[in-house]
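Subject: Handover of a structure model

Dear colleague,

Please find below the structure I am handing over to you, together with its sequence. I would be grateful if you could read the notes that come after with the coordinates open.

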Amino acid sequence: MKKIEAIIKPFKLDDVREGLSAVGVSGLTITEIKGFGRQKGHTELYRGAEYKVDFLPKIKIEIVLSDDLVDQAVEVITEAARTGKIGDGKIFVYNVEQAIRIRTGEQNEEALT
C-alpha cells in the first residue's frame, strides 16, 4: 500500500478528483493549506497600500491506495493539476505499513475499499 500526498492549486481540485474517480480511486481526503515554494509569495495592492502575501492558498490531497493503482493515480494528478506555470505543486508517495477500518476492523487492502 502507498499513500499519495499531492499539493495542488485550489482551482484544479475538481479536475483531479474527477480524474481519480475515473481510474478507480474510491476516496480521498483534502485539506486547505497555505504555503510557498519557488513562487515565494507575491505582492498585492489593497486600498492603495502594497503588501506581501508570503503564503499562497493550496489544497493537499491525501490518498491511500493499493500498489497497482499508484502509477495511474500519480499520472492523473500530474496531468489534471498541471497549468505549466510556477506553483503547480508537488506529489509525494510514501509506503504505508498498515491500514485499519475502525468500524469493521478490516485491515490493509480490505480496509481500503
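The notes that follow go through strand pairing, salt bridges, a charged patch and some individual residues.

Please bear in mind that this is a predicted model.

Strand pairing

I begin with strand E1, which spans residues 2-8. Five of its seven residues are buried, so strand E1 is largely enclosed by the rest of the structure. Strand E1 is joined to strand E5 (residues 56-65) by seven bridges, and the two run antiparallel. Within this pairing, Glu-5 has Glu-62 of E5 as its bridge partner. Seven bridges also connect E1 with strand E6 (residues 89-95), again in an antiparallel arrangement. Here the residue to look for is Ile-7, whose bridge partner in E6 is Lys-90.

Strand E5 also pairs with strand E2: seven bridges join them, and they run antiparallel. Strand E2 covers residues 29-35. At its start, Thr-29 stands opposite Glu-62 in E5. Glu-62 is thus a useful residue to select on screen, being the bridge partner of Glu-5 and standing opposite Thr-29. When you inspect these strands, it may help to recall that in a regular strand the side chains alternate between the two faces of the sheet.

Salt bridges

How many salt bridges are there in the model? The count comes to six. Those described here include a linked group and a separate pair.

The linked group is a network made up of Lys-3, Glu-5 and Glu-62. Lys-3 forms a salt bridge with Glu-62, with 2.9 Å between the closest N and O atoms. This pair links distant parts of the chain, since Lys-3 belongs to strand E1 and Glu-62 to strand E5, 59 residues apart. The side chain of Lys-3 also meets that of Glu-5 in a salt bridge, at 3.7 Å from N to O. As for the surroundings of these side chains, Lys-3 counts as partly exposed at 23% relative accessibility. Glu-5, at 13%, counts as buried, because the cut-off for that class is under 20%.

The separate pair is Asp-88 and Lys-9, whose side chains meet in a salt bridge of 3.8 Å, N to O. Asp-88 lies in the loop between H2 and E6, and Lys-9 in the loop between E1 and helix H1 (13-22), so this contact ties together parts that are 79 residues apart in sequence. Are these two residues buried or exposed? Both Asp-88 and Lys-9 are buried.

Negative surface patch

Asp-67, Asp-68, Glu-109 and Glu-110 form a negative patch on the surface. The elements that contribute two or more residues to this patch are helix H2 (67-81) and helix H3 (109-112). Glu-110, which lies in helix H3, is exposed, with a relative accessible area of 53%.

Around helix H3

Asn-108 is found in the loop between E6 and H3. What is the backbone phi of this residue? Asn-108 has a positive phi of about 55 degrees, although it is not a glycine. Asn-108 is partly exposed, its relative accessible area being 29%.

Leu-112 lies in helix H3 and is partly exposed, with a relative accessible area of 23%. Its C-alpha atom is separated by 7.8 Å from that of Arg-101, a residue 11 positions apart from Leu-112 along the chain.

The loop between H1 and E2

Finally, Ser-26 lies in the loop between H1 and strand E2. Ser-26 counts as exposed, at 67% relative accessibility. Between the C-alpha atoms of Ser-26 and Val-64 there are 10.0 Å, and the two residues are 38 apart along the chain.

In viewing the model, I would suggest starting from the network of Lys-3, Glu-5 and Glu-62 and then turning to the negative patch.

With kind regards

Methods
Residues numbered from 1 in each chain as written. Predicted model: local features only at pLDDT ≥ 70, side-chain atom pairs only at ≥ 80, totals over all residues. Heavy atoms only, no water. Patch = residues over 30% accessible without salt bridge, like charges linked within 9 Å, V, L, I, M, F, W, Y side chains within 5 Å. Areas by Shrake-Rupley, 256 points an atom, 1.4 Å probe, with all protein chains shown as cover. Salt bridge = Lys/Arg side-chain N within 4 Å of Asp/Glu carboxyl O. Lys, Arg positive; Asp, Glu negative; His and termini not counted. Charge placed at Lys NZ, Arg CZ, Asp CG, Glu CD. Helix = DSSP H or I, 4+ residues; strand = E, 2+ residues; numbered from the N terminus. Buried < 20%, exposed > 50% of the residue type's maximum accessible area, 1.4 Å probe, protein only. Pairing = 2+ DSSP bridges.
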